[in-house]
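Trainee: Please take one part of this model and go through it closely. I would like to know what it is built from and what surrounds it.

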Amino acid sequence: MQFRESTRRYILIGIVAFIVLGIIVAEVVAKNQDEQIEKEDLLFQQAAQLSNEGKFEEASVYINELLKTKSDSEDVNYLGGLIAANKGDMKQAIILFQKTIDINPHRVEDPMFMLQFGETLFNVKRFEDAKTVLTRCQESAWVPETFPNYQAKVTELLNSIEENLK
């Protein structure tokens, strides 16, 4: 099958136009994604900063907004769990901590996460679950530089659990 010269030109122009249109669409989509990522990063930074300042109610507003779009983020769920725990919403904290582990099972190797998770389980009187988590902390013999009394805290919580289980 032979194409005339004019037909070949139209095909070439069509291909070039398709490529140019594809590049333009890709630019627009990328720009929108960049804006979304910047917005999410700003929400996370604001939530973290407010949390560090002890303003948990305000931090909760930002982290809850972020959880709507980034519920699959390990860091967002972890920060959300910390904020919820500090607000006293232990049930929400446990849900978010558990989701953090579901997203990244290696989080069980993080001493501070495990202590926070264990303490939160203790606070909602899930003593058997708390005992399991805190026993893992004790058996691992973790002593983070930022928390030299780590093992003493773990032992204190485990002793409290034993008292509550009697």
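**A close look at α5 and its surroundings**

Mentor: Helix α5 has 13 residues, which at 1.5 Å a residue should span 18 Å, and its end C-alpha atoms are indeed 18 Å apart. The expected span is 1.5 Å times one less than the number of residues. Helices here are DSSP runs (H or I, at least four residues), numbered from the N terminus.

The model is predicted, so local features need pLDDT of at least 70 and side-chain atom pairs count only at pLDDT 80 or more, while totals for chains, interfaces and linings use all residues. Residues are numbered from 1 along each chain as its sequence is written, and side-chain values use heavy atoms, with hydrogens and water left out.

The buried residues of α5 are Pro111, Phe113, Met114, Leu115, Phe117, Gly118, Thr120, Leu121 and Phe122. Buried means under 20% relative accessible area, exposed over 50% and partly exposed in between, with a 1.4 Å probe and protein chains only. These residues pack against α3, α4, α6 and α7; contact means heavy atoms within 4.5 Å.

Phe117 deserves separate attention. Together with Leu134, Phe117 touches the most other members of the largest nonpolar core, which has 25 residues. A nonpolar core is a set of buried Ala, Val, Leu, Ile, Met, Phe, Trp, Tyr and Cys residues joined through side-chain atoms within 4.5 Å. At least two residues of this core come from each of α3, α4, α5, α6 (127–140) and α7 (150–165). The most, six residues, come from α5. Apart from this core lies another, of 12 residues, including Leu43, Leu50, Leu67 and Ile83. Setting aside residues up to four places away in sequence, Phe117 touches Ile94, Phe97, Gln98, Ile101 and Val133.

Some of those contacts lead to α4. That helix covers residues 90–103 and has 14 residues; from its first C-alpha to its last it reaches 20 Å, close to the 20 Å expected at 1.5 Å a residue. Met90, Ala93, Ile94, Leu96, Phe97, Thr100 and Ile101 are its buried residues. An α-helix has 3.6 residues a turn, so residues three or four places apart point the same way. The cover over the buried residues of α4 includes α2 (56–69), α3 (74–87) and α5 (111–123).

Two residues of α4 show links to α5. Met90 counts as buried at 17% relative accessibility. Outside four places in sequence, Met90 touches Ala85, Thr120, Asn123 and Val124. The C-alpha atoms of Met90 and Phe122 are separated by 9.6 Å, with the two residues 32 apart along the chain. Thr100, also in α4, is buried at 0% relative accessibility. With the four-place limit again applied, Thr100 touches Glu74, Asn77, Tyr78, Arg107 and Phe113.

Next comes the pairing of α3 with α4. Their axes come within 8 Å and cross at roughly 160°. Because of that angle, α3 is roughly antiparallel to α4. Axes are lines fitted to C-alpha atoms, for helices over the stretch in contact, and angles run from 0 to 180 degrees between N-to-C directions. Angles under 35 degrees count as roughly parallel, over 145 as roughly antiparallel, 65 to 115 as roughly perpendicular and the rest as oblique. The crossing of α3 and α4 is left-handed, meaning that the near helix is turned anticlockwise from the far one by less than a right angle; a clockwise turn would be right-handed. Among the residues making the contact are Tyr78 and Gly81 of α3 and Met90, Phe97 and Thr100 of α4.

The helix α3 also meets α2. Their axes come within 9 Å and cross at roughly 145°, again in a left-handed crossing. Ser60, in α2, is buried at 7% relative accessible area and, beyond its neighbours within four places, is in contact with Ile83 and Lys87.

Finally, the chain after α5. Lys125 is found in the loop between α5 and α6. Lys125 has a phi near 65°, a positive value in a residue other than glycine, and is exposed, with a relative accessible area of 61%.
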